[in-house]
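Student: Could you walk me through one part of this protein up close? I'd like to look at the spot that UniProt marks as the active site, and then at what surrounds it.

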Amino acid sequence: MIAPSILSADWTNMQEEFKKLNQGQADYIHIDVMDGNFVPNISFGPSLIKQLRKLTKIPFDLHLMIMKPENYIEEFKKAGADIITIHPSATLHLDRTISLIKDLGMKAGIAINPGENIDSIKYILKKLDLVLIMSVNPGFGGQKFIDYSLDKIRDLKELIKEKNSKALIEVDGGIKLDNAKEVIEAGADILVSGSGIFGENTLENIRKFKEIN
């Protein structure tokens, strides 16, 4: 599955960008929410996401790179979120926050940064709908894929089997058409790509991503 990251979209013409995403039948739309605290960048909040929700029926996949995400879960639900992924280090009570997301009828995920160990989520894994492997350091687009992420994806795939979890593996960071196949072969279910999709050939790029086996 492919989840275009709108951080790389043309924000001066979002109606046209979403038209392409709809025509290309993207599986999810990946939205990075940053607070300038957890990561050194600021993006957008619930009010803007609510406006974008009017442009498509494609599920919104929100990656919250914010401190204390539990304080904003209901707002993002009202704005139109379908999936919310949080970072374990950003919340004091991880299990409670995951439960809140699911109790509100959304899918819940946990993001693992490049230097973090996947073993830290093994006890909560059966409760998750997805695990997001960050293959770059979070906060900025356009970074190069970190090669050891492939080993982490393979290890996570084995852990999911061991724990009999149904969680999907999503991978975000530096994914292009020339490295997508090896990421899929390592065990990824969902690929997030921004600069690898948006541009002059957005529709064609979505098609090419979806054709990779």
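Tutor: Here is a walk from the marked residues out to the sheet, the cores and a helix. Keep in mind that this is a predicted model.

Let's start with the record. The UniProt entry, an unreviewed one, puts the feature "active site" at Asp-32 and Asp-172. The two span 141 residues in sequence, yet their C-alpha atoms are no more than 10.6 Å apart, so they gather at one spot.

Take Asp-32 to begin with. Asp-32 sits in strand 2, residues 29–34, and with a relative accessibility of 7% it counts as buried. Setting aside sequence neighbours within four places, Asp-32 is in contact with Ser-5, Leu-7, Ser-43, Phe-44, His-63, Met-65 and Asp-172. So the two marked residues do touch each other. With Ser-5 there's also a polar contact between side chains, at 3.4 Å.

Now for Asp-172, which belongs to strand 7, residues 168–172. Asp-172 is buried too, at 11% relative accessibility. Again leaving out neighbours within four places in sequence, Asp-172 has contacts that include His-30, Asp-32, His-63, Ile-133, Met-134 and Ser-135. His-63 is on the contact list of Asp-32 and also on that of Asp-172.

Follow that list to Ser-135, and you land in the loop between strand 6 and helix 5. Ser-135 is buried, with a relative accessible area of 0%. Beyond four places in sequence, the contacts of Ser-135 include Lys-144, Phe-145, Ser-149, Asp-172 and Gly-173.

Step back and you'll see the sheet that holds these strands. It's an open sheet of eight strands in the order 1-8-7-6-5-4-3-2, with parallel pairing. Strand 1 (2–4) and strand 2 are at the edges with a single partner strand each, so each has one side without a neighbour in the sheet. On average, neighbouring strands are turned by 25° against each other, direction ignored. For strand 2, home of Asp-32, six bridges make the link to strand 3 (residues 60–65), and the two run parallel. One bridge partner there is Met-65, which goes with Met-34.

What about the nonpolar packing? The largest nonpolar core has 57 residues, and Ile-6, Leu-62 and Ile-84 have the most contacts inside it. Helix 5 (residues 149–162) supplies the largest share of this core, five residues. Apart from it lies another core, of ten residues, among them Ile-83, Ala-111, Met-134 and Val-192. Met-134 and Val-192 are also contacts of Asp-172. As for Ile-6, its contacts beyond four places in sequence include Trp-11, Phe-18, His-30, Phe-44 and Phe-198.

Over by strand 5 (107–112) and strand 6 (130–134), the loop between them holds Ile-118. Ile-118 is buried, at 6% relative accessible area. Its C-alpha atom is separated by 7.5 Å from that of Lys-152, although the two are 34 residues apart along the chain. Lys-152 is one of the contacts of Ile-118, as are Ile-133, Asp-155 and Leu-159.

One last stop is helix 4, residues 94–103, where the buried residues are Leu-94, Thr-97, Ile-98, Ser-99 and Ile-101. Helix 4 lies across strand 4 and strand 5, at about 140° to strand 5. The cover over its buried residues includes those two strands and helix 3 (73–79). After helix 4 comes Gly-105, with a positive phi near 90°.

Key
Residues are numbered from 1 along each chain as its sequence is written. This is a predicted model: local features need pLDDT of at least 70, side-chain atom pairs count only at pLDDT 80 or more; totals for chains, interfaces and linings use all residues. Side-chain values use heavy atoms; hydrogens and water are left out. Helices (H or I, at least four residues) and strands (E, at least two) are DSSP runs, numbered from the N terminus. Buried means under 20% relative accessible area, exposed over 50%, partly exposed in between (1.4 Å probe, protein chains only). Contact means heavy atoms within 4.5 Å. A nonpolar core is a set of buried Ala, Val, Leu, Ile, Met, Phe, Trp, Tyr and Cys residues joined through side-chain atoms within 4.5 Å. UniProt positions are given in the numbering used here, feature names are shortened, and annotations may be inferred rather than shown by experiment. A polar contact is a pair of N or O atoms within 3.5 Å; within protein, one must be able to donate a hydrogen and the other to accept it, and residues adjacent in sequence count only if both atoms are side-chain atoms. Two strands pair if DSSP finds at least two bridges between them. Axes are lines fitted to C-alpha atoms, for helices over the stretch in contact, and angles run from 0 to 180 degrees between N-to-C directions.
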